[in-house]
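Please open the model in your viewer and keep the sequence panel beside it. The tour below goes from one selection to the next and says what is found at each stop.

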Amino acid sequence: MGAEFLARILKLKTAYYSDPTWGNHDMVFTNAGFTSCHSYRFWDSVNKRVDIEGFLEDLESAPSKSVIILHGCAHNPTGMDPTKEQWKQICEVVKRKNLFPFFDMAYQGFASGDPAADGWAVRYFIEQGLEMFIAQSFAKNFGLYNERVGHLTIVLNDPSAIPSFKSQMQLIIRANWSNPPAHGARIVAKVLGDRELYQQWLQAIQTMSSRIREMRAALKANLEKLGTPGTWDHITQQIGMFSYTGLTRDQVMYLVDKYHIFMLTDGRANICGLNTKNVEYVSKAIDDAIRNVKS
Ligand SMILES: Cc1ncc(COP(=O)(O)O)c(C=O)c1O
């Protein structure tokens with residue numbers, strides 16, 4: 001909806017997403033009418049960290065009014081977010097170069113366990129006076145995967161633009177899906193609007209995110225105990241539900257064929273799939289793959 005509004009009504013045609021990113025960003029923006037989609041550097045695969053220098057350089061060379069898609073927290077697939085200092089640098093370039101930030105917030109609460117803390121970058125950009133769109137999904141943090149629940153939040157500096165914005169947006173929605181599904185949205189609205197249910201939800205997010213952290217620590221400890229070649233600090237440095245393990249395509253296929261352990265061929269593993277009963281099995285399988293599949 002947001003991408004279509006920007007392409008159709010504001011005639012924006014250039015969008016940038018991180019390299020790598022969620023596999024659907026390019027298709028969503030291309031289908032919405034963006035004719036010039038590019039990636040900006042994000043991941044330094046050698047040092048397994050955010051390539052902030054490359055990121056900033058690519059923003060510097062983006063044409064004015066480009067839409068910059070930013071993962072609000074718990075970046076998919078790398079599990080690495082910019083630090084607060086790095087977000088400030090990113091925001092400074094976005095503002096100075098007249099770029100349009102579009103936050104994609106699909107994992108709020110997964111990074112720190114606290115949805116408010118995970119919203120820091122978005123709030124910082126707003127404090128700097130930037131106008132922006134924020135697409136917020138409740139699929140993961142409410143476990144409502146097939147209900148299509150989310151918010152599109154619009155930050156505008158001129159409130160007099162709101163009525164015309166709304167009427168244009170209604171036309172896009174009407175032509176697109178006419179009416180959104182209601183039931184998942186009612187569940188989310190009920191929980192967010194009720195003090196007691198809201199506290200329960202915050203507690204559930206804490207439990208879920210600390211379990212992920214425990215599984216990261218267990219995986220790293222097991223690999224280190226096995227003496228698996230390589231360094232495994234990135235497993236616990238990364239946050240959110242995904243780990244960019246560094247396993248190669250051939251090593252992933254070996255895990256699938258021999259051990260029935262599944263992850264994306266770029267090495268992205270879903271840490272939520274680990275538990276106290278299977279983490280040792282997975283660690284031994286990874287150890288075997290690393291030692292016996294060279295690529
Ligand atoms: C970065 C990112 N944005 C959006 C989504 C999709 O959210 P939704 O299921 O609400 O469309 C995902 C994952 O499914 C994602 O990783």
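In which loop does Pro-20 lie? Select Pro-20 in this predicted model, and you will find it in the loop between strand 1 and helix 2. Now show the backbone on the N-terminal side of that proline, where the peptide bond from Asp-19 to Pro-20 is cis, with omega near 5°.

**Strands 1 and 2**

Next, select residues 14-19, which form strand 1, together with residues 36-41, which form strand 2, and you will see the two strands paired in the parallel sense over six bridges. To look at one position of this pairing, pick Tyr-17, whose bridge partner in strand 2 is Ser-39. If you then add residues 25-32, which are helix 2, the selection shows a right-handed β-α-β unit made of strand 1, helix 2 and strand 2.

**Salt bridges**

Stay with strand 2 and display the side chain of Arg-41, which forms a salt bridge with Glu-57, the closest N and O atoms being 3.1 Å apart. Since Arg-41 lies in strand 2 and Glu-57 in helix 3 (residues 52-60), the pair ties together parts that are 16 residues apart in sequence. With a relative accessibility of 34%, Arg-41 counts as partly exposed, and Glu-57, at 48%, counts as partly exposed too. Add Asp-58 to the selection, and you have a network of salt bridges that links Arg-41, Glu-57 and Asp-58.

Move on to Arg-49 and Asp-44, which form another salt bridge, with 3.5 Å between the closest N and O atoms. Is each of these two residues buried or partly exposed? Arg-49 is partly exposed at 31% relative accessibility, whereas Asp-44 is buried at 14%.

For a further example, select Asp-233 and Lys-220, whose side chains meet in a salt bridge at 3.5 Å, N to O. Because Asp-233 lies in helix 10 (residues 233-237) and Lys-220 in helix 9 (residues 195-226), this pair ties together parts that are 13 residues apart in sequence. Asp-233 is partly exposed, with a relative accessible area of 38%, while Lys-220 is buried, with a value of 18%. If you wish to look for others, the structure holds 13 salt bridges.

**The two domains**

Now colour residues 2-192 as domain 1 and residues 199-292 as domain 2, following the domain assignment of the protein chain. The C-alpha centres of the two domains lie 27 Å apart, and where the domains meet, 24 residues of domain 1 are in contact with 21 residues of domain 2. The area buried between domain 1 and domain 2 is about 1800 Å², with carbon and sulfur atoms giving 68% of it. Which three residues supply more than any other three of the area that domain 1 buries against domain 2? They are Lys-48, Pro-77 and Phe-110, and they supply 30% of that area. Across the interface of domain 1 and domain 2, zero salt bridges are found.

Pro-77 deserves a selection of its own, as it lies in the loop between strand 5 (67-71) and helix 4 (84-96), and the peptide bond that leads to it from Asn-76 is cis, with omega near 15°.

From Lys-48 you can step to His-234, which is found in helix 10 and is buried, with a relative accessible area of 4%. Leaving aside its neighbours within four places in sequence, His-234 is in contact with Lys-48, Tyr-244 and Thr-245.

**Loop residues**

The last stops are in loops, and you may begin with Asn-98, in the loop between helix 4 and strand 6 (100-105). Although Asn-98 is not a glycine, it has a positive phi of about 60°, and its relative accessible area of 43% makes it partly exposed.

Ser-178, in the loop between helix 7 and helix 8 (183-193), is a residue other than glycine with a positive phi, near 65°, and at 29% relative accessibility it counts as partly exposed.

Finally, select Ser-160, in the loop between strand 8 (150-155) and helix 7 (162-176), where it is exposed, with a relative accessible area of 57%. A line drawn in the viewer from Ser-160 to Glu-60, C-alpha to C-alpha, spans 31 Å in space, while the two residues are 100 residues apart in sequence.

Methods:
Residues numbered from 1 in each chain as written. Predicted model: local features only at pLDDT ≥ 70, side-chain atom pairs only at ≥ 80, totals over all residues. Heavy atoms only, no water. Pairing = 2+ DSSP bridges. Right-handed = clockwise from strand over helix to strand, strands pointing away. Salt bridge = Lys/Arg side-chain N within 4 Å of Asp/Glu carboxyl O. Buried < 20%, exposed > 50% of the residue type's maximum accessible area, 1.4 Å probe, protein only. Domains from an automatic or database assignment. Contact = heavy atoms within 4.5 Å. Buried area = accessible area lost by both parts, 1.4 Å probe.
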